Amino acid sequence: MSRTAEETATQPDCWRRAADAAGTFDGLPRPGERVAVTGCGTSWFMAIAYAALREAAGQGETDAFASSEFPTGRAYDRVVAITRSGTTTEVLHLLGELRRTVPTLALTGDPKTPVMEAANAVAVLDWADEESVVQTRFATTALAFLRAGLGDIPGVKPVPEAAADAEEALTTPLPPALLTAEQWTFLGRGWTYGLALEAALKMREAAGAWTEAYPAMEYRHGPIAITGPGRVTWTFGTPPEGLTADVTRAGGTPITHPGLDPLAALVHAQRLAVTVSESRGHNPDHPRNLTRSVILPDL
């Protein structure tokens, strides 16, 4: 078993611990605050998901930006940065710019890194840190931590229930059509759009696969042209009415996970990425052209 697969399998326990930790942490955004969430790569996609969840919870206007595209002239009450390594150049540069103008919170997996001094407050999720280049458990645990801090969210399960669903996702066999496809498109609505982006990235990173991701209602506005035999359309959450029939009519394979928390469904996608990677002769622990953290010359 690859290290990536081993770390993927630990997510249910990580999420439960995150839910407990969120209940006692005193640095999360407060209801009514105008908040921005930021990160790079996978962390940015988790930021997108959290921003939508926070607004769905009625806790205030929440935006999400890639750290390199953050509008520093815009006024916020708090900025949340997600950085597994604590060393990502763009995140550290942004926190340095913002520190004197707005309270900042960082979520990290490593307490021995520069982010500890760069942010005003830090949530250390070191039990979810990873050796793998490709993020799995840290990203989902960071989202579980932030999600748990929101309390009750209409239409969204509590994190412990999502963890139970993740245990199911770790043992349910992957459908053969998923394993033999040549192309995968991931769709989501609201907070699950961030998960769709992340699922597509996992497949590209680990397996070098041809993947795309879109808001689910945008699929008929062009992307459906790629649908056909040997191609999968995977929707996180409930598909828009008629979309499954449209995919089937075009010869594609629709995939949904009714009743399963969408974050647990992301575990299915992580498993798929590892399985496809290995079937193609790749090593998911050592993806092409990637390092565990992007550290650039001074910006």
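**Helix packing and buried positions in a predicted model**

Helices α3 and α9 run roughly antiparallel to each other, because their angle of about 160 degrees lies over the limit of 145. The structure is a predicted model, and this briefing takes up two helix pairs, one enclosed helix and two buried threonines in strands. The other pair, α7 and α11, is roughly parallel, since an angle of about 25 degrees is under 35.

**Helices α3 and α9**

- Helix α3, which covers residues 42-56, packs against helix α9, residues 192-207, with the two axes 7 Å apart, and α3 passes α9 in a left-handed crossing.
- On the α3 side the contact is made by Thr42, Phe45, Met46, Ile48 and Ala49, while α9 contributes Tyr193, Gly194, Leu195, Leu197, Glu198, Leu201 and Lys202.
- Sorted by character, the residues of this contact between α3 and α9 comprise eight nonpolar, two polar and two charged.

**Helices α7 and α11**

- Helix α7 (residues 159-171) and helix α11 (residues 262-279) have their axes 8 Å apart, and the crossing of α7 and α11 is right-handed.
- From α7, the residues Ala162, Asp165, Ala166, Ala169, Leu170 and Thr171 meet Ala264, Val267, His268 and Arg271 of α11.
- The residues of the contact of α7 with α11 divide into six that are nonpolar, two that are polar and two that are charged.

**Helix α6**

- Helix α6 spans residues 137-148, and at 1.5 Å a residue its twelve residues should cover 16 Å, which agrees with the 16 Å that separates its end C-alpha atoms.
- Eleven of the twelve residues of α6 are buried, so the helix is largely enclosed by the rest of the structure.
- The buried residues of α6 are Arg137, Phe138, Ala139, Thr140, Thr141, Ala142, Leu143, Ala144, Phe145, Leu146 and Arg147.

**Buried threonines in strands**

- Thr104 is located in strand β4, residues 104-108, and it counts as buried because its relative accessibility of 1% is under the 20% cut-off.
- Leaving aside residues up to four places away in sequence, Thr104 touches Val79, Leu95, Leu98, Ala118, Ala119, Asn120 and Ala121.
- Thr235 belongs to strand β8, residues 231-235, and is likewise classed as buried, since a relative accessible area of 4% is under 20%.
- With residues up to four places away in sequence again not counted, Thr235 is in contact with Leu187, Leu243, Ile255 and Thr256.

Terms used:
Residues are numbered from 1 along each chain as its sequence is written. This is a predicted model: local features need pLDDT of at least 70, side-chain atom pairs count only at pLDDT 80 or more; totals for chains, interfaces and linings use all residues. Side-chain values use heavy atoms; hydrogens and water are left out. Axes are lines fitted to C-alpha atoms, for helices over the stretch in contact, and angles run from 0 to 180 degrees between N-to-C directions. Helices (H or I, at least four residues) and strands (E, at least two) are DSSP runs, numbered from the N terminus. Angles under 35 degrees count as roughly parallel, over 145 as roughly antiparallel, 65 to 115 as roughly perpendicular and the rest as oblique. A crossing is left-handed if the near helix is turned anticlockwise from the far one by less than a right angle, and right-handed if clockwise. Contact means heavy atoms within 4.5 Å. Ala, Val, Leu, Ile, Met, Phe, Trp, Tyr, Cys and Pro count as nonpolar, Asp, Glu, Lys and Arg as charged, and the others, Gly among them, as polar. Buried means under 20% relative accessible area, exposed over 50%, partly exposed in between (1.4 Å probe, protein chains only). The expected span of a helix is 1.5 Å times one less than its number of residues.
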